[in-house]
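Colleague: Could you walk me through some of the strands and a helix in this one? I'd enjoy hearing how the pieces fit.

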Amino acid sequence: MAVHAVRLPATQIHGGISANLSQSNRKPNAVFRFNCDYSKRCRYVAALPSLREDDEHGRDNSVRSMELKKILEDSPLLPKPLSSSQLAESESNGSRVRVAYQGVRGAYSESAAQKAYPKCEAVPCEEFDTAFEAVERWLVDRAVLPIENSLGGSIHRNYDLLLRHNLHIVGEVKLAVRHCLLANYGVNIEDLRRVLSHPQALAQCENTLTKLGLVREAVDDTAGAAKQIAFEKVNDAAAVASAEAAKIYGLNIVAEDIQDDCDNVTRFLMLAREPIIPGTNKLFKTSIVFSLEEGPGVLFKALAVFALRQINLTKIESRPLRKHPLRASGGLKYFDYLFYVDFEASMADEVAQNALRHLEEFATFLRVLGSYPVDTTML
Ligand SMILES: O=C(O)C(=O)C[C@]1(C(=O)O)C=C[C@@H](O)C=C1
């Protein structure tokens, strides 16, 4: 068993995090952990004979202590002291980082977590909120959550949670999503009446599912749907999920690439307790959220602060301002909104700082959610 800085009941360490997070909100003692079995180490050290003046072969103490040192250094059971190069490496590949994602094993979000932090320990969470809280309470180091999809659009829940929680966006990762139709072995496509999946996944396969005439049933995540089909051994239903989920839950792929467009990409956000220091050495993006007074042209004016400075906007999303969703004016009621904007510039760029200073002059609220490197990988 790995030694974890945050002690959780075994079910939480191995089985993911459920919605009840009240058990632990302590900070860990150390950020880095060693993958070493300490109980084995104690047994190993105790088994070593104690140092005497000389041993049965007549070797003196200094020779023996060198041998001992070598044994201890070479032992795979003992942790090696961390070196600076290891620290730098673990930061770049995410090793030893615990990353929360929503769903069960085999979910696309798990693949996104692994793409973002290649050697991380991916920790499944029941809900999006749980993943946010797990980071806030130091149960994990990061969360990787979907924010938008090229076919299905925005994942509104996560926009709302970004504002409700105090995490920072430290990166983004784009994942090509290729859906399969999974059923139990022996079940043919003609036997199917129902299909289970995450609502986003069902929406991304709208055309295929309509052609097949299947009744949609929404569940928490794609891999959860696959798990349910396998565990309940149903023969009239299939799951929309990944080929990876088929392997994990022992299902048969009855149809491949069933998404409505071959370019089906989901963008995920990497979230952390602390922001990263924005740079100018690569392409950066900044995400902000703001609200405005009601009135003609106010949104036009807000977006002009970027246009005037040649700053490219990559996303704009509006969400109801939950605590004050309606505003009364002149006997009429207006909806009140929050605007989420992503723009292509780093907060280290003076031009971006000027744009936000300008926006601040008339925005009723403004928060920078993060300034982070753009995911430029080709999909
Ligand atoms: O259900 C999953 O596998 C997820 O990771 C969730 C999710 C989403 O929320 O959009 C992620 C990627 C796909 O777009 C479909 C579903």
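Modeller: Happily! The model is predicted, so local features need pLDDT of at least 70, side-chain atom pairs count only at pLDDT 80 or more, and totals for chains, interfaces and linings use all residues. Residues are numbered from 1 along each chain as its sequence is written.

Colleague: Let's start with a short pairing: in E4, which residue is the bridge partner of Asn-149?

Modeller: Helices (H or I, at least four residues) and strands (E, at least two) are DSSP runs, numbered from the N terminus. Two strands pair if DSSP finds at least two bridges between them. E3 and E4 (residues 153-154) pair in the antiparallel sense over two bridges, and a hairpin of three residues joins E3 to E4. The partner of Asn-149 in E4 is Gly-153.

Colleague: And how many bridges join E3 to E11?

Modeller: E11 covers residues 265-272 and runs antiparallel to E3. One of the bridges links Glu-148 to Arg-267 in E11. The number of bridges joining E3 to E11 is six.

Colleague: Why is E3 described as largely enclosed by the rest of the structure?

Modeller: A residue is buried if 20 or more other C-beta atoms, placed from the backbone, lie within 10 Å of its own (exposed: 12 or fewer; partly exposed: in between). E3 is largely enclosed because its buried residues number eight of eight.

Colleague: Which residues of H7 (156-164) are buried?

Modeller: Seen down the axis of H7, the buried residues fall within an arc of 110° (taken from the directions from the helix axis to the C-beta atoms), so they line one face. They pack against H6 (128-136), E3 (142-149) and E17 (365-373), where contact means C-beta atoms, placed from the backbone, within 7 Å. The buried residues are Asn-158, Leu-161 and Leu-162.

Methods
Contact = placed C-beta atoms within 7 Å.
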